[in-house]
Number of protein chains: 2
Amino acid sequence: MKPVKVGICGLGTVGSGTVNVFRRNAKEIIGRAGCPIEIVQVGSRRRKDNCDLTGIDFSEDIFAVAKNPEIDIIVELIGGYDIAKELVLTAIENGKHVVTANKALIAVHGNEIFEAARAKGVVVAFEASVAGGIPVVKAIREGLAGNSIKWLAGIINGTGNFILTEMRDKGRAFDDVLKEAQELGYAEADPTFDVEGIDAAHKLTILASAAFGAPLQFDRAFTEGISNISTIDVDHAQELGYIIKHLGIARIHDNGMELRVHPTLVPADKLLAKVDGVMNAVLIDGDAVGQTMYYGAGAGSEATASAVLADIVDVARIINSGEAAAVPFLGFTQESIADINVLPIEDIQSAYYLRILAEDHPGVLAKVASILSEDGINIESVMQRETEEHQGKIPMMMLTHTVVEKQINEAICKIEALDDVIGDVVKIRVELFKD
Amino acid sequence: MKPVKVGICGLGTVGSGTVNVFRRNAKEIIGRAGCPIEIVQVGSRRRKDNCDLTGIDFSEDIFAVAKNPEIDIIVELIGGYDIAKELVLTAIENGKHVVTANKALIAVHGNEIFEAARAKGVVVAFEASVAGGIPVVKAIREGLAGNSIKWLAGIINGTGNFILTEMRDKGRAFDDVLKEAQELGYAEADPTFDVEGIDAAHKLTILASAAFGAPLQFDRAFTEGISNISTIDVDHAQELGYIIKHLGIARIHDNGMELRVHPTLVPADKLLAKVDGVMNAVLIDGDAVGQTMYYGAGAGSEATASAVLADIVDVARIINSGEAAAVPFLGFTQESIADINVLPIEDIQSAYYLRILAEDHPGVLAKVASILSEDGINIESVMQRETEEHQGKIPMMMLTHTVVEKQINEAICKIEALDDVIGDVVKIRVELFKD
């Protein structure tokens with residue numbers, strides 16, 4: 001049987017992990033694929049000693065790999081937008097199947113890349129781009145294919161979850177934990193993508209498109225990071241029965257879909273709330289199956305390599321059975337993908353946690369409560385403690401019922417205008433995981 | 001495009017759920033499959049009103065459905081062994097692809113059925129046979145294809161998990177909760193398959209074969225039910241930091257594999273310990289990805305229908321792309337499936353929880369401790385409380401380190417032979433989720 005030949009572009013953490021795991025598990029991987037698989041060439045700016053390249057051709061020119069006529073599958077692991085896009089399009093142009101772990105690339109340029117791949121009849125596989133080794137793209141595109149998916153919510157950035165877990169368990173401040181995460185190698189030197197939710201929004205964009213059958217719309221995703229979360233909110237949320245998680249949430253409505261990443265209060269008894277540290281998990285609600293959850297390591301050399309290799313096996317199985325790709329890239333055929341409007345954040349519905357710092361005067365609570373009541377916002381619970389009074393100021397925590405975001409924003413403006421209220425009101429969304 | 005035509009045999013809970021969900025989600029399902037799908041015929045002993053059969057031919061003869069020349073895919077939902085086997089083999093003989101939710105059938109007759117299907121070049125899909133709507137067979141066969149899977153452990157019987165959860169949370173006795181589970185429709189009138197672990201062993205057999213690439217060996221699985229679990233053990237386990245779950249565990253070693261279903265102490269901080277009520281979850285350890293977990297409803301009409309429909313979409317995609325099945329039934333090609341010896345339960349290694357009822361005399365603990373020590377068994381912790389003394393007898397709870405089961409059995413014989421020890425020693429295995 002003709003071997004399937006693989007070229008890997010990029011020899012960083014994931015690239016070396018892929019070579020290492022492939023060498024270790026070659027027998028099982030080939031037994032599963034049903035045909036020989038060979039990594040024949042690796043392209044990287046420079047040779048590295050993080051994996052054994054014996055018997056593998058090395059090239060400093062990744063584009064030479066993408067054009068190598070011997071190769072069937074190009075694995076793009078260089079990351080980033082522009083060069084990665086050019087590389088992937090070159091590979092497609094040369095009739096290669098593509099496997100990528102690049103969430104930014106797929107979220108931002110996926111529509112164009114998929115179109116090019118369809119035109120050439122090749123596969124673009126991107127399981128490794130979301131939640132590392134957890135096969136959640138496959139779950140959505142194939143395992144839940146009988147469902148109308150209503151919503152999904154995921155902890156899809158391990159660095160952010162590690163920071164929030166440490167803040168909760170050890171009462172540590174955000175900056176302090178971030179510094180440790182960087183030292184541990186969890187967070188990049190520039191942590192913006194992780195802590196500001198951009199990385200999570202890339203992944204959410206991909207999951208939402210596969211769940212609902214819509215084109216990728218990263219530029220429409222709402223993104224709010226965790227850098228403004230204080231331990232005071234983490235602690236009070238917990239006393240109210242909630243854990244703060246940085247969630248990506250996508251939900252379909254008749255008039256469009258929600259696509260949003262932000263810190264979120266999750267009921268403490270929910271399994272998703274118990275996913276701690278660097279672990280990822282995606283909770284999906286399908287109309288037939290109900291809620292299913294997929295949990296595991298969302299990053300790391302070999303965990304991500306696991307998904308890259310699963311995609312290589314998928315493509316090898318396709319090549320080996322001599323057919324066209326049976327599973328459309330986003331789970332739906334191109335003809336059945338419909339534009340779905342992304343709802344502005346002001347139009348979403350949510351419950352809210354509010355923290356209001358006020359002068360410790362009688363009557364402030366009454367004033368706040370009347371503003372909310374006049375705006376039609378019901379209060380679920382209130383927490384205010386004299387012991388928390390400090391220099392004549394006292395924090396007041398509230399949970400509201402579900403309202404339209406616009407409403408809560410208007411009420412917050414009025415509350416902030418009160419003489420007794422100091423500074424900005426802290427607002428964190430609360431997710432109750434209902435339809 | 002030629003529609004893929006489906007015939008359903010069996011119109012019980014899952015059969016009606018499949019018809020109902022298909023009718024509701026037909027547009028999305030067809031959009032995902034990439035070709036029209038039609039349920040053209042349903043076979044059942046008698047017509048039922050649990051779903052809308054408008055436009056679907058009805059037959060009282062399921063074998064007529066299996067032979068219907070118009071049909072591409074036969075969905076076997078009648079359950080049981082013999083007739084189901086004959087039905088599936090008839091369908092295969094007639095060149096039909098088969099989708100089944102029947103774990104007993106696959107676990108016991110799967111090797112023979114797969115052989116027949118390979119000979120005819122048709123697919124046998126059985127995602128619905130394990131853990132209801134959770135796509136865990138797909139995760140193992142495809143999503144984790146890059147890994148050498150080391151072990152898996154699952155809560156794969158919802159009835160059993162419901163009973164244990166109620167016993168723990170409400171201090172209720174086994175019989176009492178079982179009666180309620182039967183009234184709620186979770187447990188069958190004959191609950192043996194559920195509470196004695198046979199149902200779980202069927203599912204475990206399937207998961208283990210797909211994980212390790214071995215033929216199905218249900219007759220070699222070790223099975224112990226939960227009917228002997230008392231609230232006293234549930235409570236003491238919890239005080240020691242563990243939750244008792246009914247687990248199916250499969251683990252590969254150089255000399256064979258473990259394949260066992262039994263009540264198990266699970267560390268309370270483990271996510272698997274937090275899976276409560278009728279929910280299922282499977283935790284899988286792959287050498288590259290680490291531990292991933294798959295959680296959801298393990299039974300029920302529409303949850304199981306979700307998996308049946310995912311399999312129908314998979315098969316329709318295969319038919320539609322005009323190819324042979326790309327994914328082998330057990331994830332490995334037939335040539336790469338190797339016989340793996342199932343280790344006798346006496347040869348497995350585990351930690352143990354022991355409860356010993358003894359006369360409240362000085363020196364009993366010392367005698368027990370010396371027996372364990374002489375047999376090379378280290379004690380992890382001991383719990384004995386004077387407040388639990390009753391009529392001169394006192395229970396003593398112990399956790400041991402990991403030893404070979406044979407060793408603990410020998411020590412238990414010696415302990416039971418002590419004059420001060422009353423009745424049998426209770427032994428429950430403890431799982432620490434290590435390699």
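**View 1. Thr264(B) and its partner across the strands.** In β17(B), Thr264(B) has Arg429(B) as its bridge partner. Keep in mind that this is a predicted model. Zoom out a little and you see the strands themselves: β10 (residues 256-267) and β17 (residues 421-430) of chain B pair in the parallel sense, over two bridges. On β17(B) there is also a pairing with strand β13 (residues 349-359) of chain B, and here the strands run antiparallel, joined by seven bridges. To find that pairing, look for Ala351(B), whose bridge partner in β17(B) is Val430(B).

**View 2. The open sheet of chain B.** Which order do the six strands of this open sheet follow? Reading across, you go β3-β2-β1-β4-β5-β6 in chain B, and the pairing is parallel. At the edges stand β3 (57-59) and β6 (124-125) of chain B; each has a single partner strand, so one side of each is left without a neighbour in the sheet. Further in, strand β4 (residues 73-76) and strand β5 (residues 97-100) of chain B run parallel and are joined by four bridges. Val75(B) is a handy landmark here, since it stands opposite Val99(B) in β5(B). Now look for helix α1 (residues 13-33) of chain B, which lies across β1 (4-9) and β2 (37-43) of that chain. The helix runs at about 165° to β2(B).

**View 3. The open sheet of chain A.** Over in chain A, an open sheet of six strands shows the order β3-β2-β1-β4-β5-β6, with parallel pairing. Why do β3 (57-59) and β6 (124-125) of chain A each have one side without a neighbour in the sheet? They stand at the edges, each with a single partner strand, so there is no neighbour on that side. Strand β1 (residues 4-9) of chain A runs parallel to strand β4 (residues 73-76) of chain A, and four bridges join the two. You can spot this pairing at Val6(A), which stands opposite Ile73(A) in β4(A). Helix α1(A) packs on the sheet, touching β1 and β2 (37-43) of chain A, and its direction makes about 165° with that of β2(A).

**View 4. Where chain A meets chain B.** How many residues does each chain bring to the contact? Chain A gives 54 residues and chain B gives 54 residues. The area buried between the two chains is about 4,400 Å², and carbon and sulfur atoms give 56% of it. On the chain A side, Arg32(A), Leu271(A) and Arg317(A) lose the most area to chain B, together 15% of what that side buries.

**View 5. Charged and polar pairs between the chains.** Side chains of opposite charge can pair when their charged atoms come close. Between chain A and chain B, the count is four salt bridges. Arg24(A) forms a salt bridge with Asp287(B), and their closest N and O atoms are 2.8 Å apart. There are also 30 residue pairs in polar contact between the chains, counting pairs with both residues at pLDDT 80 or more. Which elements of chain A each supply at least two residues of the side that touches chain B? They are α1 (13-33), α5 (136-143), β12 (290-297) and α11 (301-320). The largest share, eight residues, comes from α11(A). Sorted by class, the chain A side has 26 nonpolar, 16 polar and twelve charged residues.

**View 6. Strand β12 of each chain, side by side.** Here β12(A) is joined by three bridges to strand β12 (residues 290-297) of chain B, and the strands run antiparallel. Look for Tyr295(A): its bridge partner in β12(B) is Met293(B).

**View 7. A salt bridge inside chain A.** Over all chains, the count comes to 62 salt bridges. In one of chain A's, the side chains of Lys414(A) and Asp375(A) meet, with 2.8 Å from N to O. Lys414(A) lies in helix α13 (residues 405-416) of chain A and Asp375(A) in the loop between α12 (364-374) and β14 (379-383) of chain A, so the pair ties together parts that are 39 residues apart in sequence.

Technical notes
Residues numbered from 1 in each chain as written. Chains lettered and ligands numbered in written order. Predicted model: local features only at pLDDT ≥ 70, side-chain atom pairs only at ≥ 80, totals over all residues. Heavy atoms only, no water. Contact = heavy atoms within 4.5 Å. Buried area = accessible area lost by both parts, 1.4 Å probe. Polar contact = N/O pair within 3.5 Å; in protein donor to acceptor, adjacent residues only side chain to side chain. Nonpolar A, V, L, I, M, F, W, Y, C, P; charged D, E, K, R; others polar. Pairing = 2+ DSSP bridges. Axes fitted to C-alpha atoms, helices over the stretch in contact; angles between N-to-C directions.
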